[in-house]
Amino acid sequence: MFDALIERGFQVDIHSHARAILSVDFPQAVAELEETIGSLSIPIEEIVGSGGGESQGTQRLRRALAERGWEKMNFTVEKRINGVAREAISHEIDHVKAFGPGVIAAEIEWNNKDPFYDRDLENFKRLHADGAISVGVIITRGTSMQDELKAMVQRFATERGLNSHEAVTAFGMSRTARQNKEVERRMRAGQSYEEAWASQFVSDKYGQATTHWSKLEDRVHRGVGNPCPLVLIGLPSSIVTFDENLQLEDIEREEESLIEEGIADAAD
């Protein structure tokens, strides 16, 4: 199951009998997820140009899932006493699709604060307990993506000649005084400008307290979300491309297109 993703370096972890459930009742869901996620690529410019927010690549993944019928859904669970509603709890899930035997729910956590995993897993747990979903899926940054982000951003800076504050500004990226001072501090410690800038950028935008594989794995191993059947998918560094040669204007146009389609939020 998900062999094509695993062969490409994606991490896949399956829990609480999800393998048996998916293989018997939801082979179409597996095929759709594998094909859609497996076709994802993210230009390095989008990782840098997004400023740490959700990249256009993951927004395109949302679009591709939505086109296959994996749409946002708000589940409302009511408690009624003698026909009178006393309590209602809502759970919004980004990607939900009904198949013959049941419903699969999926969340994409590219770069949120890591407590969002608690929300996702608890939502899946409650919805599974209430019979609303059969399996929950979480897609996030994999280990190789997290570990290699600094090297990838440094390579981008070197190839684009981002070797000074002025060059970064000329490229179109705004920087705060605090960020520039941190780069200068790292340079005084012996780093080149490109390494110092990449280190500061990744630490600031994609730090350890954001959503990535080890944070998700820790929670699942502690039993958060149990006993909901789960599939965890980690996006690898191999999906990052360096040959697109995009400018920030290209990224902004893509963002505007995604906003018009309702895939991206204008506030992102």
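Here are two short exercises on helix packing in this predicted model.

**Exercise 1**

Work out how helices H6 and H11 are oriented to each other, and which residues bring them into contact.

*Solution.*

Step 1. Start with the axes: those of H6 (residues 116–129) and H11 (residues 213–221) come within 10 Å and cross at roughly 45°.

Step 2. Compare the angle with the classes: under 35 degrees would count as roughly parallel, and 65 to 115 as roughly perpendicular. H6 and H11 are therefore oblique to each other.

Step 3. Add the handedness: the crossing of H6 past H11 is right-handed.

Step 4. Pick out the residues. From H6 come Tyr 117, Asp 118 and Leu 121, which meet Trp 213, Lys 215, Leu 216, Arg 219 and Val 220 of H11. Sorted by class, this contact has five nonpolar and three charged residues, with no polar ones.

**Exercise 2**

Now do the same for H9 and H10: find the orientation, then the make-up of the contact.

*Solution.*

Step 1. The axes of H9 (residues 177–188) and H10 (residues 193–205) cross at roughly 130° and come within 8 Å.

Step 2. An angle over 145 degrees would count as roughly antiparallel, and 65 to 115 as roughly perpendicular. The crossing angle therefore makes H9 oblique to H10.

Step 3. H9 and H10 have a right-handed crossing.

Step 4. On the H9 side, the contact uses Arg 178, Gln 179, Glu 182, Val 183, Arg 186 and Met 187. On the H10 side, the residues include Tyr 193, Ala 196, Trp 197 and Lys 205.

Step 5. Finish with the classes: the contact of H9 with H10 splits into five nonpolar, four polar and five charged residues.

Definitions and conventions: Residues are numbered from 1 along each chain as its sequence is written. This is a predicted model: local features need pLDDT of at least 70, side-chain atom pairs count only at pLDDT 80 or more; totals for chains, interfaces and linings use all residues. Side-chain values use heavy atoms; hydrogens and water are left out. Axes are lines fitted to C-alpha atoms, for helices over the stretch in contact, and angles run from 0 to 180 degrees between N-to-C directions. Helices (H or I, at least four residues) and strands (E, at least two) are DSSP runs, numbered from the N terminus. A crossing is left-handed if the near helix is turned anticlockwise from the far one by less than a right angle, and right-handed if clockwise. Contact means heavy atoms within 4.5 Å. Ala, Val, Leu, Ile, Met, Phe, Trp, Tyr, Cys and Pro count as nonpolar, Asp, Glu, Lys and Arg as charged, and the others, Gly among them, as polar.
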